[in-house]
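Subject: Structure for you to look at

Dear colleague,

I am handing over the structure we spoke about, together with some notes that you can follow with the model open beside you. Please take your time with it and look up each residue as you read.

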Amino acid sequence: MAACPDRKPAMSWRTTWEQIETFLVEVIQIREPEKIPDRRIRFLLWVLRQLSRLYGGVVQLRHFLYDKGIFRHHTLGCQVISVGNLTVGGTGKTPVVEVFARDLQRAGRKVAILSRGYKKQEPPLLERLLDLLLMRERRRPPRVVSDGRTLLLDSARGGDEPYMLASNLPDVAVLVDKNRVKSGRYAIDKLGCDTLILDDGFQYRALKHRVEIVLIDRRNPFGNGYVLPRGLLRESAANLRKADYIILTKCDRRDNAELKARIRALNDQAEIIECAHRSRYLRNVFTTARVELDFLRDLPVTALSGIAAPEGFEAELERLGARIIRRERFADHHRYTQQEIIDVINRSRREGARAIITTEKDAVRFPRLDRTDVPVFFLRVEIELLSGTEDFNACIARICFRS
């Protein structure tokens, strides 16, 4: 039987906050609170439900103000493609952004990906307060993770997803800033870009989008139906009506007619494209050596991850034939220390694991190690279209060649 995930001791404020965050994520996914015996949990859910109503109202008011022109949209005179989602985390957005950027670049576009850089390393609090008071943030240039020629920042300063995208797309610029109007102007003026991909852009209204692409996780499309903080929705599912293209991610060969009918009730115009995330190969985190997936057959491994939905990753390893003898789960976007990785390696070696398998997003947060007694690999995952290929190709053609 596979070992249960280790519970990490609260050794620092960061670890303590991650434990609180993990607890809250588990709580908000409860679908039937009346069946929870703990009154404190039921009260917490009631409080979160009231906050959810307040938050949802504020989000809808913000959309109304943009729709009526009271809040201003900015246009930059180039193609702006938004790739986003309705829910928090876990839809597999990064591989989709990668395939769009690569295809656009191959079609002759000069592409920049604009990201917020979630959980990137921030300046000290005092410096941020001074920036706010003196309005220096508006004048400060965005962080350039890649200028389309050279990788300039690491994952700590650039953020996990931006660094991963920049590493896999050497001819595409990747910029990070909360103000993506500013980073878009920089990409156009300084880097000569003519196409901007707004990563996680569905809720970002300040920059006018030409094409709106929304991802929905087939396995958990709308969470428990509540918006944050009671549920996983960032805004009401009714706002799906704004989408031009809807991509169902993490599909298999099963029929999605019921989900499509739910989507059609919210948006009867958008093209619906089904795709799967397919494992392609393993790559050693420290030596970059590539290994084929056959390596995993009947191999005792440790599954190591700090992602929103580790169950899907672990199930994929088992589908590929691996025998998971230890599961190491950290909070989403956890930044690993050298000692943590060494401890995982030591525990894995003692229990007989012959490899440690992690995700590509986790791998970019690993510190350097000179030697490892158990090899550490990440699983490379890419997008495979199952249906709607013509729609996908039409989308690329529309973006590239629309007059």
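What follows is a description of a few places in the structure, taken one after another.

Please keep in mind that this is a predicted model. I begin with the strands. Strand 2, which covers residues 111–115, has five of its five residues buried, so this strand is largely enclosed by the rest of the structure. In a regular strand the side chains alternate between the two faces of the sheet. In strand 2 both faces are covered, with Val111, Ile113 and Ser115 buried on one side and Ala112 and Leu114 buried on the other. Strand 2 pairs with strand 5 (residues 195–199) in the parallel sense over four bridges, and within that pairing the bridge partner of Ile113 is Ile197. Strand 2 also runs parallel to strand 4 (residues 173–176), to which four bridges join it, and there Leu114 stands opposite Leu175.

Strand 10, at residues 300–305, can be read in a similar way, since six of its six residues are buried, so that this strand too is largely enclosed by the rest of the structure. On one side of strand 10 are Pro300, Thr302 and Leu304, on the other are Val301, Ala303 and Ser305, and all of them are buried. Strand 10 is joined by six bridges to strand 11 (residues 323–329), and the two run parallel; the partner of Ser305 in strand 11 is Arg329.

Next come the nonpolar cores. In soluble globular proteins, nonpolar side chains tend to be buried together. The largest nonpolar core in this model has 29 residues, and those with the most contacts inside it are Val83, Phe100, Ile113, Ile197, Ile213 and Ile247. Helix 3 gives the most to this core, with five residues. Apart from the largest core lies another core, of 19 residues, among them Val214, Phe222, Ala237 and Ala276. If you select Ile213 and leave aside its neighbours within four places in sequence, you should find it in contact with Ile81, Ser82, Val83, Gly84, Phe100, Tyr245, Ile247 and Cys395.

Thr87 is worth a look as well, and you will find it in the loop between strand 1 (79–85) and helix 3 (93–106). Is Thr87 buried or exposed? Its relative accessible area is 6%, and because buried means under 20%, Thr87 counts as buried. Not counting residues up to four places away in sequence, Thr87 touches Pro221, Phe222, Gly223, Leu232, Leu233 and Arg234.

Finally, there are the empty spaces. A search of the whole structure finds one cavity of 30 Å³ or more, and the largest cavity has a volume of about 40 Å³. The largest cavity is lined by Val96, Val99, Ile247, Cys275, Ile383, Leu385 and Phe392, a lining that divides into seven nonpolar, no polar and no charged residues. The second largest pocket holds about 850 Å³ of space, and of the 24 residues that line this pocket, the closest to its centre are Glu137, Arg138, Asp177, Lys178 and Lys182. The lining of the second largest pocket divides into nine nonpolar, two polar and 13 charged residues, and its largest share, five residues, comes from helix 4.

With best wishes

Key. Residues are numbered from 1 along each chain as its sequence is written. This is a predicted model: local features need pLDDT of at least 70, side-chain atom pairs count only at pLDDT 80 or more; totals for chains, interfaces and linings use all residues. Side-chain values use heavy atoms; hydrogens and water are left out. On a 1 Å grid over the protein atoms alone, a cavity is a set of points where a 1.4 Å probe fits but cannot get out, and a pocket is an open set with protein on both sides within 12 Å along at least five of seven lines; lining residues have an atom within 4 Å of a point. Grid points are joined across faces, edges and corners, and a volume is the space filled by probe spheres set on the points. Ala, Val, Leu, Ile, Met, Phe, Trp, Tyr, Cys and Pro count as nonpolar, Asp, Glu, Lys and Arg as charged, and the others, Gly among them, as polar. Buried means under 20% relative accessible area, exposed over 50%, partly exposed in between (1.4 Å probe, protein chains only). Contact means heavy atoms within 4.5 Å. Two strands pair if DSSP finds at least two bridges between them. A nonpolar core is a set of buried Ala, Val, Leu, Ile, Met, Phe, Trp, Tyr and Cys residues joined through side-chain atoms within 4.5 Å.
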